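Dear colleague,

I am handing over the structure we spoke about, and below it you will find a short account of what turned up when the interior and one helix pairing were examined. Please read the notes with the model open beside you.

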Amino acid sequence: MESSSARAGGSTRREATRQKLYEAAVTLIAEQGFSATTVDEIAERAGVAKGTVYYNFASKSVLFEELLRHGVGLLTASLKEAAEQTEREGGGKVDALDAMVRAGLVFIDRYPAFTQLYVAELWRTNRAWQSTLMVVRQEAVAVVEGVLREGVAAGEFSDEIDVQLTAAALVGMVLVAALDWKSFQPERSLDDVHAALSRLLQGRVSGTV
């Protein structure tokens, strides 16, 4: 029988291969679009044989669907960790939202091609993976919704806020602001962009205290 260490090693190698395929696919698809990108190109960019792509994913569409799951899953995990870290440090719910804004910016700074691809796909409703995209999007937004609901229950936020729409608006704010930053204001630092969004989040744009 295969030893547990051998199985663990095989699993680690497979995850490393899948990660290379994700990175190759997201870069190529962001550059030239899904339809124009071939499996041969993905394999070549990842430095693997074409058969390796099909060993890990049944098709290019499945690869892309899993790429969306993987990428948004990383974003969701980073948002959760930011909120949990704030709670461990004794911060309030506004602090947690601010930490999540920063975590989102850090993610986008690290994975700009994936973010560009993800936002573009949100506007397309005729893709085979649309249902998957909606599920993983909701998982990310739900993290923000949870913090907002806890804030309402604790009296930190007004009970008149629309939690669902406010959570979507906060996530959207970070995505759009970050894409604008990367595309049109790349000279600005992450700290600078975070500070601007933090002021907006905390209602200090008008200049009132």
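By class, how many nonpolar, polar and charged residues does the lining of the largest cavity have? Before the answer, please keep in mind that this is a predicted model, and that what follows was computed from it.

The lining of the largest cavity has 11 nonpolar residues, one polar residue and no charged ones. The residues concerned are Leu75, Leu79, Leu97, Met100, Val101, Gly104, Ile108, Val144, Leu170, Val171, Val174 and Leu175, and the space that lies in this cavity comes to about 150 Å³. Three helices, α4 (60–88), α5 (93–110) and α8 (163–184), each supply at least two residues of that lining, with the largest share, five residues, coming from α5.

A search of the whole structure finds two cavities of 30 Å³ or more, so to speak of the other one: the second largest cavity has a volume of about 40 Å³, and its lining is made up of Val72, Leu75, Phe107, Ile108, Phe114, Thr115, Tyr118 and Leu175. Two or more residues of this lining come from each of α4, α5 and α6 (112–122), and α6 gives the most, with three residues. By class, the lining of the second largest cavity divides into seven nonpolar residues, one polar residue and no charged ones. If you select residues in your viewer, you will find that Leu75, Ile108 and Leu175 appear in the linings of both cavities.

The remaining notes concern α6 and its pairing with helix α7 (residues 130–153). The axes of these two helices come within 11 Å and cross at roughly 115°, and since angles of 65 to 115 degrees count as roughly perpendicular, α6 and α7 are therefore described as roughly perpendicular to each other. Their crossing is left-handed. On the α6 side the contact is made by Tyr118, Glu121 and Leu122, and on the α7 side by Gln130, Leu133, Met134 and Arg137. The residues of this contact divide into four nonpolar, one polar and two charged, whereas the lining of the second largest cavity has no charged residues. Tyr118 takes part in both settings, as it belongs to the lining of the second largest cavity and also to the contact of α6 with α7.

With best wishes

Technical notes:
Residues are numbered from 1 along each chain as its sequence is written. This is a predicted model: local features need pLDDT of at least 70, side-chain atom pairs count only at pLDDT 80 or more; totals for chains, interfaces and linings use all residues. Side-chain values use heavy atoms; hydrogens and water are left out. On a 1 Å grid over the protein atoms alone, a cavity is a set of points where a 1.4 Å probe fits but cannot get out, and a pocket is an open set with protein on both sides within 12 Å along at least five of seven lines; lining residues have an atom within 4 Å of a point. Grid points are joined across faces, edges and corners, and a volume is the space filled by probe spheres set on the points. Helices (H or I, at least four residues) and strands (E, at least two) are DSSP runs, numbered from the N terminus. Ala, Val, Leu, Ile, Met, Phe, Trp, Tyr, Cys and Pro count as nonpolar, Asp, Glu, Lys and Arg as charged, and the others, Gly among them, as polar. Axes are lines fitted to C-alpha atoms, for helices over the stretch in contact, and angles run from 0 to 180 degrees between N-to-C directions. Angles under 35 degrees count as roughly parallel, over 145 as roughly antiparallel, 65 to 115 as roughly perpendicular and the rest as oblique. A crossing is left-handed if the near helix is turned anticlockwise from the far one by less than a right angle, and right-handed if clockwise. Contact means heavy atoms within 4.5 Å.
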